[in-house]
Amino acid sequence: LTYCCRKPKTKRAKRFLEKREPKLKENTKTAMLIKGGNANLTVTEVLKDIYAVKKPFAVLYKKKNITRPFEDQTSLEFFSKKSDCSLFLFGSHNKKRPNNLIIGRMFDYHVLDMIELGVEKFVSLKDVKNSKCPEGTKPMLIFAGDMFDVSEEYRRLKSLLIDFFRGPSVPSIRLAGLEYVLHFTAADGKIYMRSYKVLLKKSGCKIPRIELEEMGPSLDLVMRRTHLASDDLYKLSLKQPKALKPKKKKNISHDVFGTTYGRIHMQKQDLAKLQTRKMKGLRKRPAEKAAEAGGVSSKKSKSA
């Protein structure tokens, strides 16, 4: 039986199942980091460093798991359902594919797409002797290189990396909270991942001077195999419920600059009966009142 088919026997189990139920606004995606059956020291250190970057939205499996995601995906789907994770990073090492990483994501507890990457160069967090960002810091993601927009495989990889590292959705941002940058560059058939800490220095004005200090980890990656979802399945995974779609409002329009214009329908007004604000400075003097009264009486006498 799956988790959705079980009937809770305790209140704790009921809360557990309610947490996993489908929601209009989904929870922050959690990643599981799995070590293969023959992972070496480099792959193990990469998984540990990415776990440190992703915490607390990550689960690190310390035991080795003998599986091959491109041949059999049942074990990944089992772990995804068990730990309620929709993202995964699988690390392995062999003679044919040394220092191998497989990054992917799930849809309805089934593998949607995954991309195999080879680690050619790695600099660990502990190798860079600089200050680190606190745990749970939301990173700023920067992508450089035409390949992320030209090639379909690189476009999917960019979408995967955004899903993996984006962190929780926040309603507002403060300047001091922008302290972590993840930079991905696609050039010469490789993907360069660099991480920096943002330093806000004094500049003599309101806007601070910004400097980037390398923090680690640092990875040079090369793309190997890919397993991409079909266009129909990919569209289905992006489908939003009707309740989240913005409702169209009548008589409201937007221009190219994002300015909102509204049209108001009003009844015809009699401006003679319009109530204006009464001020001492706008009151009529006694001489003006007498002149107006004299003018009215003279008109009456002429008409008589």
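Okay, let's start with a question: which residues in H3 are buried? Keep that helix in view while I set the scene, and remember that this is a predicted model.

So, H3. The buried ones are Ser75, Leu76, Glu77, Phe79, Ser80 and Ser83. And what do the buried residues of H3 pack against? There's one helix on the list, H1, at residues 11-20, and then a run of strands: S1 (31-36), S2, S3 (87-92), S4 (100-107) and S5. Just after H3 you hit Asp84, which takes a positive phi of about 55°.

Asp84 comes back if you look at Thr30. Thr30 sits in the loop between H1 and S1, and it is buried, with a relative accessible area of 17%. Setting aside neighbours within four places in sequence, Thr30 is in contact with Asp84, Cys85, Ser86 and Leu87, and also with Phe57, Ala58 and Val59.

Let me zoom out. The protein has seven helices and twelve strands. It has 304 residues, and 31% of them count as buried. For overall dimensions, the C-alpha atoms fill a box of roughly 120 × 60 × 45 Å along the principal axes. The radius of gyration is 32 Å, where a compact globule of 304 residues would have one near 19 Å. On the contact side, take pairs at least 6 apart in sequence: 67% of those contacts join residues at least 24 apart.

What does the record say? UniProt, in an unreviewed entry, lists "domain: Brix" for residues 29-232. Over residues 29-232 the chain is 22% helix and 41% strand, and the end C-alpha atoms are 22 Å apart.

Now the cores. The largest nonpolar core has 33 residues, and the ones with the most contacts inside it are Leu89, Ile103, Leu117, Leu157, Phe164 and Phe165. Which helix gives the most to this core? That's H5, residues 152-165, with six residues. If you want one residue to click on, try Leu157: not counting residues up to four places away in sequence, it touches Ile103, Ile115, Leu117, Ile191 and Met223. There's also a second, separate core of 13 residues, and that one includes Phe70, Leu76, Phe88 and Val111. You've already met Leu76, as one of the buried residues in H3.

On to charges. How many salt bridges does a search of the whole structure find? The count is 16, and I'll walk through three.

One is between the side chains of Glu45 and Lys126, at 3.8 Å, N to O. Glu45 is in helix H2 (residues 41-54) and Lys126 is in the loop between S5 (110-123) and S6 (140-144), so this pair ties together parts that are 81 residues apart in sequence. The two ends sit in contrasting surroundings: Glu45 counts as buried at 15% relative accessibility, whereas Lys126 is exposed, with a relative accessible area of 54%.

Next is Glu71 with Arg225, at 3.6 Å, N to O. Here the pair links distant parts of the chain, 154 residues apart: Glu71 is in the loop between S2 (58-65) and H3 (74-83), and Arg225 is in S10, residues 218-227. Glu71 counts as exposed at 55%, while Arg225 is partly exposed, with a relative accessible area of 25%.

Then there's Lys190 with Glu120, at 2.9 Å, N to O. Lys190 lies in S8 (residues 190-201) and Glu120 in S5, so the bridge ties together parts that are 70 residues apart in sequence. Both ends are partly exposed: Lys190 at 28% relative accessibility, Glu120 at 48%.

And salt bridges that share partners join Lys29, Arg105, Asp113, Glu152, Arg155, Arg156 and Asp163 into one network.

Last stop: a charged residue without a bridge. Where is Glu179? In the loop between H5 and S7, which covers 180-187. Glu179 is buried yet has no salt bridge, and the nearest side chain of opposite charge, Lys197, is 5.0 Å away. So what does Glu179 touch, once you leave out residues up to four places away in sequence? Cys133, Pro134, Thr137 and Met140, plus Tyr196, Lys197 and Val198.

That's my tour. Happy to bring any of it up on the screen.

How values were computed
Residues are numbered from 1 along each chain as its sequence is written. This is a predicted model: local features need pLDDT of at least 70, side-chain atom pairs count only at pLDDT 80 or more; totals for chains, interfaces and linings use all residues. Side-chain values use heavy atoms; hydrogens and water are left out. A nonpolar core is a set of buried Ala, Val, Leu, Ile, Met, Phe, Trp, Tyr and Cys residues joined through side-chain atoms within 4.5 Å. Buried means under 20% relative accessible area, exposed over 50%, partly exposed in between (1.4 Å probe, protein chains only). Helices (H or I, at least four residues) and strands (E, at least two) are DSSP runs, numbered from the N terminus. Contact means heavy atoms within 4.5 Å. A salt bridge is a side-chain nitrogen of Lys or Arg within 4 Å of a carboxyl oxygen of Asp or Glu. Lys and Arg count as positive and Asp and Glu as negative; His and the chain ends are not counted. UniProt positions are given in the numbering used here, feature names are shortened, and annotations may be inferred rather than shown by experiment. The radius of gyration is taken over C-alpha atoms; the globule rule is 2.2 Å times the number of residues to the power 0.38.
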